[in-house]
Amino acid sequence: MEGGADNARSFVDACADVVAGKTISSNAVPLLKAGLLHQDTNIAENKNGHAAIIFYRALLQSGQTAPIDALCDALQRRGMSVSPIYVSSLKDDFSAAVVAKLFADQSPDVVLNTTGFAVSSPGSERVPTVLEATGAPVLQVVLASCDEATWAASSQGLNARDLAMNVALPEVDGRVFTRAISFKAADVFDANVECNIVAHKPVESRVEFVAELAKNWAQLRRKNACDRRVAVVLANYPNRDGRLANGVGLDTPAGTLEVLRAMRAEGYSLSDLPENGDALMDILKAGPTNAAVAGREIRETILLNEYNALFAQLPKQIQAEVTTRWGAPETDPFFIGDQFALPMMRLGHVFVGIQACAGLQY
């Protein structure tokens, strides 16, 4: 009824007592609906911020906390303190109250959520969820339900269930998707019970990626809004200027301007905002777009050696595939002289631009 590794051990001991004709000497230890997996001893030294990890109580019940432990270790190595919090469900009132209390005791700079679904209530007036109530960014982390080999061989990566529970639905809450950090594995054979033990197996490189991302988000939150630098990238497909910021049924240019105004009101460094959405698009079209670069106003650039330095950070296989598919960077239509023309414009500390598009044709 309670679960957990300690209770499982006690249950086996109780079975041994029964077989030996002894009186059972232990009782099940109740497991709360929500609480801390363990106290962080690094709270006083959290120079890079405090992270809260939210995970299901079922992982604790089944002794499957290896991915959570790996994430805690990776964050602590980066100078962060961590509160690993288990919950029955974020829609359970007691669990939500425990999370709120722990957040009040130690406000997180970033929240890493491994539970699925969405918490927001439907309606026109959206109420912040318990995860975002402190204003910290919420990163969605996935404990995949498939094995790593199946995931690697699939063109879509995660299976349909994981995509729905951990990608699509959490977007309703405004969570920032990261990636899967563990996969199901049945590669441990237990001779005593003659079966493979299925467990969540963390992948070190993916845990490290998410931990580094969380540290960066925490550091960003600790900066004043006026010191943060943000890029807003708009769609551009197909390759016609008439399809800039295309969104079916949406006035994306006007929506973008509303976002920029809201950011300015929150203290972000923004200057020379266009008067309206049409003016915003006129400015963008005056610069390079996927329709043309010749004769356009070049506002922002990146040098070839800067590009090469960034490109060299990608995995060797991806570098080879990109070069095979697209050729040398110097052959790119946006390459002029010794630099690339960027379809971006600067409004203070905020960039607004359009996406790069494959298959450019002139």
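Analyst: A salt bridge is a side-chain nitrogen of Lys or Arg within 4 Å of a carboxyl oxygen of Asp or Glu. The model discussed here is predicted, and salt bridges are a convenient place to begin reading it.

User: How many salt bridges does the structure hold?

Analyst: There are 16 salt bridges in the structure. One of them joins Arg-78 to Glu-208, with the closest N and O atoms 2.8 Å apart. Arg-78 sits in the loop between α3 (66-77) and β3 (81-87), while Glu-208 belongs to helix α7, so this pair ties together parts that are 130 residues apart in sequence. Arg-78 counts as buried because its relative accessibility is 16%, and the cut-off for buried is under 20%.

User: Which residues are linked with Arg-78 in a network of salt bridges?

Analyst: The network comprises Arg-77, Arg-78, Glu-208, Glu-212 and Lys-215.

User: Where do the partners lie in the salt bridge between Asp-241 and Arg-296?

Analyst: In this pair, the closest N and O atoms are 3.0 Å apart. Asp-241 lies in the loop between β8 and α8, and Arg-296 in the loop between α9 (277-286) and β9 (300-303), so the bridge ties together parts that are 55 residues apart in sequence. Arg-296 counts as partly exposed, at 22% relative accessibility.

User: Which elements hold Glu-300 and Arg-346, which also form a salt bridge?

Analyst: Glu-300 is in strand β9 and Arg-346 in strand β12 (residues 344-347), so here two strands contribute to a pair that ties together parts 46 residues apart in sequence. The closest N and O atoms of Glu-300 and Arg-346 are 2.9 Å apart. Glu-300 is buried, with a relative accessible area of 14%, whereas Arg-346 counts as partly exposed at 44%.

User: What is the nearest side chain of opposite charge to Arg-57, a buried residue that has no salt bridge?

Analyst: It is Glu-2, which is 4.0 Å away. Arg-57 lies in helix α2 (residues 57-61), and its side chain reaches the backbone oxygen of Leu-32 at 2.8 Å. Apart from neighbours within four places in sequence, Arg-57 is in contact with Glu-2, Leu-31, Leu-32, Lys-33, Tyr-86, Val-87 and Ser-88.

User: A polar residue may also be placed inside a protein. Is Asn-113 buried or exposed?

Analyst: Asn-113 counts as buried, because its relative accessibility is 0%. The residue is found in strand β4. A polar contact of 3.0 Å joins its side chain to that of Gln-140. Beyond its neighbours within four places in sequence, the contacts of Asn-113 include Ile-54, Leu-90, Leu-131, Val-138 and Arg-175.

User: How should the sign of phi be read?

Analyst: Most residues other than glycine have a negative phi. Glu-194 has a positive phi of about 55° although it is not a glycine, and Ala-245, likewise not a glycine, has a positive phi near 55°.

User: Where are Glu-194 and Ala-245 placed?

Analyst: Glu-194 is in the loop between β6 (176-190) and β7 (195-202), and Ala-245 is in the loop between β8 (230-234) and α8 (252-265). Glu-194 is exposed, with a relative accessible area of 67%, while Ala-245 is buried, with a relative accessible area of 5%.

User: How is empty space found, and how much of it lies in the second largest pocket?

Analyst: Rolling a probe the size of a water molecule over the atoms shows where empty space is left. In this structure, the second largest pocket holds about 450 Å³ of space. It is lined by 18 residues, and those closest to its centre are Gly-135, Ala-136, Pro-137, Val-176 and Trp-217. Helix α7 (residues 204-222) supplies three residues, the largest share of the lining.

User: What describes the protein chain as a whole?

Analyst: Its secondary structure comes to eleven helices and 13 strands, and the C-alpha trace spans about 90 × 45 × 40 Å along its principal axes. Of the 362 residues in the chain, 38% are buried. Among contacts with a separation of 6 or more, 73% are made by residues 24 or more positions apart.

Technical notes. Residues numbered from 1 in each chain as written. Predicted model: local features only at pLDDT ≥ 70, side-chain atom pairs only at ≥ 80, totals over all residues. Heavy atoms only, no water. Helix = DSSP H or I, 4+ residues; strand = E, 2+ residues; numbered from the N terminus. Buried < 20%, exposed > 50% of the residue type's maximum accessible area, 1.4 Å probe, protein only. Lys, Arg positive; Asp, Glu negative; His and termini not counted. Polar contact = N/O pair within 3.5 Å; in protein donor to acceptor, adjacent residues only side chain to side chain. Contact = heavy atoms within 4.5 Å. 1 Å grid on protein atoms, 1.4 Å probe; cavity = no way out; pocket = protein on both sides within 12 Å on 5 of 7 lines; lining within 4 Å. Points joined across faces, edges and corners; volume = space filled by probe spheres on them.
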